[in-house]
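Got the viewer open? Grab your mouse, and let's walk through this one stop at a time.

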Amino acid sequence: MKCPFIWKVAVIMAICCIFALPRQALAGMSAYDIVKKSEGLLDQAKDSKVEMTMTLVNKKGEKRERGLSAFMKKEGEKKSKSILFFNSPADVKGTSFLVWTDEKKQDRQWLYMPALQRTRQISASGKGESFMGTELTFFDMGSKDVNDYNFTLLKEENVNSEMCYVIKAIPKKVEFYNEIIIWIRKTNYIPIKVDFYDTKGKYLKQGLFMNVKNVQGINTPTHIEVYNEQNGRKTIIDLKNITYDSGLKDDIFTERFMTRGM
Amino acid sequence: MRSFFPALIFIAGLFLSCLTAEAYEFERNVVAKLSIGGYLQGKAIYAFDHNTPDEYPSSEIGLEMKASASPLLSAKLLLKVDQDGKVRDPGNDSIFNQFNLVYQDKNPYVDVNEAYFDIYTGKVDFRLGIQKFAWGRLDELTPTDNLNTADLTEGGTNEQAERKIGVPAVKMNYYSDLFNTELAWIPRYVPYRLPKVQERWFPGVLMLPPVIKTNTAFGDIPVATAYKDIDLPDFNLDHSEVGIRISKYIEGWDVSLSYFRGFDAMPLMNTPTDITVQLNDPIALAYELTANINIEPRLHMMNVFGFDFTTTISSFTVRGEYAYFNNKYYMRKFSSVLNELVTTHQRDQILSSFMRKYVDSEGTATTQAFHIDPEVELQKDSMKYGLGLDYIHGDSSISIQCIQEFIPHYDSSKPVYFNKDGIHTMITFLFKQFLLQNNLEINLGGAYDVEYQDIMLKPSIKYNFTNDLQGILGLLIIDSSHDDSMLGQFRDNDEVFVKLKYSF
C-alpha cells in the first residue's frame, strides 16, 4: 500500500487511476500531457490537513458515518508520512493510524487503540482489499507506476455540463482492474468521473469527484462518491477544513502524537 | 430493590446520553476544548451449569471527559458506574472502589478508572494521576506489563482493557532522537481485585475443602476458611514502585528495554492456620480437631527485567517479549502443603504439646489452640517469554500468541499452581472477520493450556445496529479435567452472554 492518506482520494485517486502515459498525441494534447498537468495541479502541496466524513451506504440505503481527521507531509519525492485520527463513531474515537511511506522500502504502519492504550506496528494490507469497509481499495489510494499502463485518449464529452477529456487506461498486467475510463474536466484538469472494470472486464464501480473548491490556489474536489455496481454499495466522502502547506512539524507523525491525540 | 438498580442506571444513562448527545464539544478559541462522551452497557448471562453461582443482569455507565486548557495542558476523567450482577451480598457501604482492598464487596459502585493531568513540554511529557500503563507487545499474560494490577472479578476471561486497574502514579516521557524514555513512579501499590467466595468467578484454587482427611488418629478435620483482605505495606518510599522503559525504532523494528521494581500484580496468598484441639474423653484420649484457615493476600517486592519488540515481515506482524523475574513468589498447591502438615510427626508434636499444657493446667485446659504457618509461598526466580504473530487479510485477521513461563530451579516436591515441572505454556488466539461493511464482526477467541491440555473458547458476534448502538452475543466454554489449572478452576462456568452497548 502506498500513501493511504485518504483525503488524497479526492486529489490523487483519479490521478493515480490515470497512470500510464502514452505519448500518442491526439487533437493537440496527448493523454500524457493531460494526466501530467492534472497531477501537477492537484499534488502541489508539501503538507495538508483535512477533516472528513465517510458515509457507507449499503444496498438497502442504510447509512453508517465515520468522522476522521488526517494529516500528511511529503519528505522529498520518495517519502511521505501521514496520520489519521478517528473522531466518530464514539466507540472508536481516539483510534489513530500512522503510516510512513518510502518508495524504496516497505511501508510502516502503526495503529493506536485507546482502550488498550497500546500502539502496535501492523503489516501493510493487501492492495486489493477494502479500506475500512469502503468501496475504495488500498490500491485506489496508492501511487502507481505509470509505465504499467497503456493509455488512449478516446474523445471529448460533456459530463454534468462540463466538457471533459475521456481517457482509457489499460494495465499491461491485469491485477485489480481490466480497464479504467477517466473523465477529466477541460476547464481545470480535475477528474470528474472514473469507471472501473474488474479483471473479467465487467463493470465494477464508478467514482464521482464533485464540489471542486479552490483551496489556497489548489482546485480540490470536496465531495466524492464511489458506487459499486456489483454489490450495490456506495461510499460518500465529504472533506472540510482543508489546509495546505501549514508547515506541519515532523513530530506529528510519531507515536507520541498518536497517543496524545488531536 | 436489587432488580431496580439496573433499570435506574439504564434510565440515568439515557438521560446522560441525551444531555451529552453527539458527545458535547465546547471550544473556546483554538486551544480550550472540553469533550464529554461515554457509553451505556447492559449485560446478561445464561449459565449452563445451574449449580454454579448466579449472575444477575448488569448495567454500566462509562463517562469520559477530556479537557485541554492550552496546548501544554490537558486532563482526562473516566468514571464507571456499575450495577454489577456478579456481586452477591455486598457488605461495603462505600460507593467508590477503594485502592486498598482486594475484595471490594460493593454494589452498585463507582470506579475512578482514570483521572489524570497531562503536561506537555518540548521534549518531556508528564502525566499525573490515576492512569494505566501499557508496556510490552503481547495481548495477554504480558510479561513486562506489571505496573497495573488486574480486576479478576470475571476470572480474567474478559477483555484486557476491562481488567486493568488504574493506579495513582506519576509518569514522565522523554523524547529524543536517540530513544524515548518512560519513567513511572507508583507511590503506593494498588492491589488486584478478586470476587468473594460465594461469587461466580471466585478462583477455584483458593476454595479449600470443608474437611481435611488426615488418615491419622485425628480422623477428618473440619475446616473453616476465612478470606482476609490485604494488609498493605507502610506508605513510604521503600514500598513505592518504579519502572523505566527505553524504546527505539530501528529500521522497521520497535524495540524496548524495561525494568520494574514493585509488587506482583497477580494474587499470592498465605494460609496461617489455627488448629483447635478439644479433649472429649481424657481416659480414652478422644480428641476433636478443627482447623481455621485464614487466606491472606501477601506481597513481596520483585524486580523484572524486560525486553520486547515488534516488526513486520512480509504480511505478518511479529511481536516478542521476554522478562526475568527476580524475587518472584509462587503459591504452592494446597494438597502439597497439606501432605507436609498432616503427618504423624506433626500429630505427635501437637498432642505432646497439648498434653503438657493439659497436665500443667491440672486437667482444666481441655480445649487448646495451636497456630501453624504452613510454607505456602515459595520464592523462585523465573522467566516469562512469548511470541505473537498477526496476519491481516482484507476484512479478516488472525492473531496467535505463545507465552511460556519457566522456573529454572523448580522443586517438583513443592509444586506450585498453574505449573507443571516448572513450565507453563499458554497459546492464545483470536480470529476476526468483518462483514457487511464492518457492521458485523465475528470473533473466535480462545486459549490452550499446553501442560494441562485445557482449552477455553470464546466465540462471539458483534453487530452495529446503528452508528452508536451495538450488540454482542457470545459463548464461553472451558474444557478441562483439572480443578487447579489456570483455566480449569473455572471449568463449570460455561455460559452464553449478551451485551448491548450504546456509545455517546
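Start by selecting chain B: of its 504 residues, 33% count as buried. Buried here means that 20 or more other C-beta atoms lie within 10 Å of the residue's own; 12 or fewer makes a residue exposed, anything in between is partly exposed, and the C-beta atoms are placed from the backbone.

A quick word on what you're looking at: this is a predicted model, where local features need pLDDT of at least 70 and side-chain atom pairs count only at pLDDT 80 or more, while totals for chains, interfaces and linings use all residues. Residues are numbered from 1 along each chain as its sequence is written, and chains are lettered from A and ligands numbered from 1 in the order in which they are written.

Stay on chain B and switch to cartoon view. You'll find four helices and 27 strands; these are DSSP runs, numbered from the N terminus, with helices being H or I over at least four residues and strands E over at least two. Turn the chain around: along its principal axes the C-alpha trace spans about 90 × 55 × 45 Å. Residues 24 or more positions apart make up 63% of chain B's contacts with a separation of 6 or more. Two residues are in contact if their C-beta atoms, placed from the backbone, lie within 7 Å.

Next, bring chain A back. Where do the chains meet? 25 residues of chain A are in contact with 30 residues of chain B. On chain A's side, the elements giving two or more residues are strand S4 (63-75) and strand S8 (118-122), and S8(A) gives the most, with four residues.

Now color chain A by pLDDT, the predictor's confidence in each residue, from 0 to 100. Chain A averages 82, and 85% of the residues score at least 70. Among its elements, strand S1 (residues 25-26) has the lowest mean pLDDT, 38, and S15(A) the highest, 95. Over residues 1-27 of chain A the pLDDT is below 50, though this stretch has 99 contacts in the model beyond near neighbours in sequence. Where pLDDT is low, the predicted coordinates should not be read in detail.

So what does S15(A) pair with? Select residues 234-244 of chain A along with strand S3 (residues 47-57): the two run antiparallel over nine bridges. (Strands pair if DSSP finds at least two bridges between them.) A:Val57 stands opposite A:Lys234 here. Add strand S14 (residues 218-228), which pairs with S15(A) in the antiparallel sense over five bridges; in S15(A), A:Thr235 is the bridge partner of A:Val226. The hairpin of S14(A) and S15(A) has five residues between the strands, and A:Gly232 there takes a positive phi near 75 degrees.

Time to look inside. The largest nonpolar core has 48 residues, and those with the most contacts inside it include A:Ile34, A:Met52 and A:Ile184. Such a core is a set of buried Ala, Val, Leu, Ile, Met, Phe, Trp, Tyr and Cys residues joined through C-beta atoms within 7 Å. Click A:Ile184: leaving aside neighbours within four places in sequence, its contacts include A:Ile34, A:Ser38 and A:Pro191.

Last stop: A:Gln109, in strand S7 (residues 108-113) of chain A. Is A:Gln109 buried or exposed? A:Gln109 is buried, because 21 other C-beta atoms lie within 10 Å. Beyond neighbours within four places in sequence, A:Gln109 is in contact with residues including A:Phe97, A:Leu98 and A:Gln121.
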